[in-house]
Each structure stands twice: as C-alpha cells, then as structure tokens.
Amino acid sequence: MGIDFAVIGGTGVDHPELLSKLSRERVDTPYGMVRLTVGEVSAAKVAFVARHGEEHSVPPHLVNYRANIWALKELGVKKVISTAAVGSLESKFAPGEFVLVDQFLDFTKSRPATFFTGEQGVLHVDMTDPYCRELRGVIAEKAVEAGVVVKNGGVYVCTEGPRFETPAEIRMFRALGGEVVGMTSVPEVVLAKECGMCYAAIAMITNYAAGISATALSHQEVVANMALMGVALRELITAVLKVLTPERSCACPQAPAELGKF
Ligand code: HPA
C-alpha cells in the first residue's frame, strides 16, 4: 500500500504521537537525507516529518524545505497536512484558535524557494489556491464535528526569522492585508505545489504579534500555548486522516511535476 498522506509537524508538534505501528525511515534526496516516521491512522499509511528536526534543533530559516518535500514526493504522498505556530495581526484571530490559511505574503529572503533550476526550461507554478481548497474543506468539516474552533481562510505573512518582527513591520503587514505571521509556510507550500501535492496548513495562533501584544514576545510563550492547543490539534488531524482518500478533484495535480515537466 502506498503512503498517500503526510503530516509536517511544526513547533510543538515534533513527535508523531498520532500514528500507530511506527517505523523509522531515511529517505535520500538530491537535497540531503531526511529522517521521518511512517505509521498508520486507521488503515491509512501516513508519513510524519518534524519540520524543525526531531529535537527541534533547526531554526525556520535553515529548515531543508526542499529535502522534506522531495522525500514526501519520493514516498508517493498526495496530501500533506502541516501545522504552524503563528502570531495574530487581527483581533478576530485570537490566541488559542486555529486558522486554515488560504493565501500568503512572502517576506522570506535567503531560502532556496523552488525545485525549478532552469534546467527544466522555464516553469511557473500557479498560486491562485496555494493551500488546497478541497483539503481545507475536509479539515474545516472535521473541526466542526470535533468542536474545535477553526477559521477557514486567512492571509499568512511569512517572514525570514528567526527573530520576531518589529511593531513597525507588523503595522506594514497589516496594511498589506496580512492576518497572521509565521516563519515557515513559504517555501514549503510552494514546493508542495510544484510537486502536485495537496497541501493545507493548520495555523495555531499562539500570541498576538509584536506591538499588538501588550508584552514582549518569547519563544517560551509560543511553546507554552502550543502545548495547550496540542491535544485538540492532534485529535483534529487524526479525525481528518481517518476520512481522507487518495482521490482528488482539485487543481493541485495539474502542477508541473505531475505533468512530467521535472
Ligand atoms: N511571529 C512570527 N512567528 C511566530 C509568531 C510571531 O508572532 N508566533 C509564532 N510564530
């Protein structure tokens, strides 16, 4: 049986507790080796990658995004659920809530952000729906059933990190339409899209962003809030994995990789 689904665990979700029958795997990719865990939820096989490494030792600007996504592509994964801690720019998104982001603003600076090296010719991937609508729909539906507050839709501002933002940057991001801010969704979502995988991000709001928050931000605050939200998050992801099927009627498979372009 193929491995159709994957979970990319962000801050606070570094271990694959939601899977059973775990086996440790190493996948070699052109970008380096990836250690991941394969396990099961009901009958479905699921790959789990800890984005920041199993010991949470890799900062956001140094994550090997291309290796992680390539490894999942090698395994044949079709649908990826990722988690991400974010700060909120808007009072309508409160700490303790989840958002299924649907758009991004890219303010990263120094990361390899594409598989397209130019050797494949000139390729451009469509970003109208960076985060798969169909997959978001399933997650939103299961969240309602599980009684977890999840808002479907939100604009994710991706910064380079690893520092937090200045209040002036947060004011600028708000003026540009940003709603939550984090450091990892780009290029992960872009690379998944280039590979034709459906990708959704469950953003966990751990804090109000700098200048909106009354106090200075700390990584400890983010991790403490994540721990509080972790149980609901794992339950939600498990409920989703139980009903996911490999079939797709979205536009994600129309990506260059699936069309044999690279
Ligand atoms: N900014 C950037 N990344 C984050 C934040 C934040 O406020 N909270 C959690 N991840």
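Visitor: Which strands each supply at least two residues of the shell around the ligand?
Guide: In this predicted model, they are strand E5 (79–88), strand E10 (180–182) and strand E11 (198–208).

Visitor: And which one gives the most?
Guide: That's E5, with three residues in the shell.

Visitor: Nice. Which residues surround the ligand, then?
Guide: Going along the chain, you'll find Ala85, Val86, Gly87, Phe164, Glu165, Val181, Gly182, Met183, Thr206, Asn207, Leu217 and Val222 around the ligand.

Visitor: How does that shell split by class?
Guide: Seven of its residues are nonpolar, four are polar and one is charged.

Visitor: What lies 2.8 Å from a nitrogen atom of the ligand on the Glu165 side?
Guide: An N or O atom in the side chain of Glu165. Asn207 also places a polar side-chain atom 2.8 Å from a ligand nitrogen. With Gly87, a backbone N or O atom lies 3.3 Å from a nitrogen atom of the ligand.

Visitor: How much of the ligand does the protein bury?
Guide: The protein buries 96% of the 260 Å² that the ligand exposes when taken alone.

Visitor: And what kind of space does the ligand take?
Guide: The ligand takes up the space of the largest pocket.

Visitor: Switching topic: how many aromatic pairs are there in the whole structure?
Guide: A search finds five. One of them joins Tyr31 and Trp70.

Visitor: Why is that pair edge-to-face?
Guide: The ring planes stand at 65 degrees, with the centres 5.8 Å apart, so the pair counts as edge-to-face.

Visitor: Where do those two sit in the chain?
Guide: Tyr31 is in the loop between strand E2 (20–29) and strand E3 (32–41), while Trp70 belongs to helix H1 (residues 65–75). They are 39 residues apart, so to speak of the pair is to speak of a link between distant parts of the chain.

Definitions and conventions
Residues numbered from 1 in each chain as written. Predicted model: local features only at pLDDT ≥ 70, side-chain atom pairs only at ≥ 80, totals over all residues. Heavy atoms only, no water. Near = heavy atom within 4 Å. Polar contact = N/O pair within 3.5 Å; in protein donor to acceptor, adjacent residues only side chain to side chain. Areas by Shrake-Rupley, 256 points an atom, 1.4 Å probe, with all protein chains shown as cover. 1 Å grid on protein atoms, 1.4 Å probe; cavity = no way out; pocket = protein on both sides within 12 Å on 5 of 7 lines; lining within 4 Å. Sits in = over half its atoms within 2 Å of the grid points. Helix = DSSP H or I, 4+ residues; strand = E, 2+ residues; numbered from the N terminus. Nonpolar A, V, L, I, M, F, W, Y, C, P; charged D, E, K, R; others polar. Phe/Tyr/Trp six-rings, centres within 6.5 Å; stacked < 30°, edge-to-face > 60°.
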